[in-house]
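These are my notebook entries on a structure that I looked through one element at a time. Each entry records what I looked up and what I found.

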Amino acid sequence: MDLTGQTILVTGASSGIGRETARLCSQLGARVVLVGRNQERLAETLRSLDGEGHRAEMFDLSSADEIPRWLKSISASSGPLHGLVHSAGIHRLRPVRVLGSRTVEDVMRINVGAAIGLARGFCQRGVGAAGGSIVFLSSVTGLVGQAGIAAYAASKGAIVALTRALAVELAPERIRVNCVAPGVVTTPLWQGVLEMLTPEQGAALEAMHLLGLGSARDVSYAIAFLIAGTARWITGAVLVVDGGYTAH
Amino acid sequence: MTSEADLLQENVVQEKEFLSLLDELLELEQGALKGSATLESIEGWNSLAVISFMALVDERFGVSVQPRQIAKCTTVADLVGLLGDRIGAEVRA
């Protein structure tokens with residue numbers, strides 16, 4: 001996997017999988033555009049990258065219609081983007097009986113709406129480089145059921161369908177679109193969920209992962225693989241990275 | 001200036017609102033739940049109900065309750081007690 005000379009944009013780069021993916025891309029030779037909402041944490045990610053030429057961009061992805069213009073301005077100064085990773089996302093533990101439309105909209109706006117906005121922006125002339133690659137983050141919960149997370153699961157299932165639809169639509173332009181479906185990964189997002197569970201519930205969820213819980217680095221390898229030329233012949237795919245969660 | 005009596009009245013109103021929220025969550029008749037009711041005796045008080053309860057009190061009262069705090073509660077009054085200070089604090093501020 002070699003990303004030398006490539007520019008990769010990563011959302012959700014302030015923490016977790018996004019941060020680790022940005023780091024790995026930099027280690028593989030890429031120039032990385034880090035996107036997030038927390039300036040301090042973005043700066044921390046920036047400091048941890050290998051090589052030079054990286055930049056951090058504060059942007060609120062909830063305004064999906066603003067994304068294309070913003071991406072155009074990014075590529076105007078950084079040059080075309082060879083890859084785009086949408087790792088920003090929110091998780092809400094809300095059993096259906098207390099799942100209101102506001103929570104649904106919030107989750108869908110960032111997890112799916114922003115993904116569509118980013119794809120739309122990437123397609124613009126001069127933004128996505130020829131042979132560019134987009135990677136979205138789905139989840140095992142978008143593939144198999146789990147109680148209490150209907151909105152989050154719906155958003156991650158939507159990402160799977162979105163990945164396939166865009167893969168077909170953008171193949172003539174040689175833009176590949178794939179997604180990664182992680183199991184439970186020990187990140188700040190997971191820590192937030194864990195606080196809502198009893199120790200027994202957390203342990204039960206962990207036990208369903210045959211190889212234990214994963215790390216952000218585990219998922220970043222899969223993302224980098226799909227972004228790089230190693231996945232030249234892969235599009236519309238869902239790469240499950242889950243320690244065996246969906247194997248049984 | 002709000003009087004002590006006004007503050008106490010506000011407290012009672014908010015406790016009623018809290019019990020009403022529980023009735024709603026568990027699909028009981030409004031006013032069905034009494035403080036002395038044991039959680040064990042309430043049909044539908046299961047792990048999903050606990051998560052729903054945590055989400056609702058966060059949303060409606062801005063209070064973050066941990067599962068281990070709920071695990072220590074045996075009655076509805078104990079649950080109210082988890083928010084007791086917060087309900088009072090809102091009007092004392």
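**Entry 1. Chain B.** I began with chain B of this predicted model. Of its 93 residues, 20% count as buried. I then listed the secondary structure and found four helices and zero strands in chain B. Read from the N terminus, the order of elements is α-α-α-α. I also looked up how far apart in sequence the contacting residues of chain B lie. Among contacts between residues at least 6 apart in sequence, 57% join residues at least 24 apart.

**Entry 2. Where chain A meets chain B.** I next looked up the contact between the chains, to which chain A gives 12 residues and chain B gives 11 residues. On the side of chain A that touches chain B, I noted six nonpolar, three polar and three charged residues.

**Entry 3. Helix H1 of chain A.** I turned to H1(A), which has 12 residues. From first C-alpha to last this helix reaches 17 Å, close to the 16 Å expected at 1.5 Å a residue. Why do I describe H1(A) as largely enclosed by the rest of the structure? I do so because 11 of its 12 residues are buried. The buried residues include the charged Arg19(A), Glu20(A) and Arg23(A), and Ile17(A), Ala22(A) and Leu24(A) are also among them. After the helix comes Gly29(A), and I recorded a positive phi for this residue, near 100 degrees.

**Entry 4. H1 against H8.** I checked how H1(A), residues 16-27, lies relative to H8(A), residues 216-227. Their axes come within 8 Å and cross at roughly 55 degrees. H1(A) is therefore oblique to H8(A). The crossing is right-handed. From H1(A), the contact uses Gly16(A), Ile17(A), Arg19(A), Glu20(A), Thr21(A), Leu24(A) and Cys25(A). From H8(A), the residues include Ala216(A), Arg217(A), Val219(A) and Tyr221(A). By class I noted eight nonpolar, three polar and three charged residues in this contact.

**Entry 5. H3 against H4.** I made the same kind of check on H3(A), residues 67-78, and H4(A). Here the axes come within 8 Å and cross at roughly 45 degrees, so the two helices are oblique to each other. This crossing is right-handed. H3(A) contributes Ile67(A), Pro68(A) and Leu71(A), while H4(A) contributes Ala114(A), Gly117(A), Leu118(A), Arg120(A), Gly121(A) and Phe122(A). I recorded six nonpolar, two polar and one charged residues for this contact.

**Entry 6. Leu118(A).** I then looked more closely at Leu118(A), which is found in helix H4 of chain A. Is this residue buried or exposed? Leu118(A) counts as buried because it has 25 C-beta neighbours inside 10 Å, where 20 or more suffice. Leaving out residues up to four places away in sequence, Leu118(A) touches Ile67(A), Leu84(A) and His86(A). I also looked up Val135(A), 17 residues from Leu118(A) along the chain, and found their C-alpha atoms separated by 11 Å.

**Entry 7. Helix H5 of chain A.** My last entry concerns H5(A), residues 150-170, with 21 residues. This helix reaches 30 Å from its first C-alpha to its last, close to the 30 Å expected at 1.5 Å a residue. Among its buried residues I listed Ala151(A), Tyr152(A), Lys156(A), Ile159(A), Thr163(A), Leu166(A) and Leu170(A). What do the buried residues of H5(A) pack against? They pack against helix H4 and strands S5, S6 and S7 of chain A.

Key: Residues are numbered from 1 along each chain as its sequence is written. Chains are lettered from A and ligands numbered from 1 in the order in which they are written. This is a predicted model: local features need pLDDT of at least 70, side-chain atom pairs count only at pLDDT 80 or more; totals for chains, interfaces and linings use all residues. Axes are lines fitted to C-alpha atoms, for helices over the stretch in contact, and angles run from 0 to 180 degrees between N-to-C directions. Angles under 35 degrees count as roughly parallel, over 145 as roughly antiparallel, 65 to 115 as roughly perpendicular and the rest as oblique. A crossing is left-handed if the near helix is turned anticlockwise from the far one by less than a right angle, and right-handed if clockwise. Two residues are in contact if their C-beta atoms, placed from the backbone, lie within 7 Å. The expected span of a helix is 1.5 Å times one less than its number of residues.
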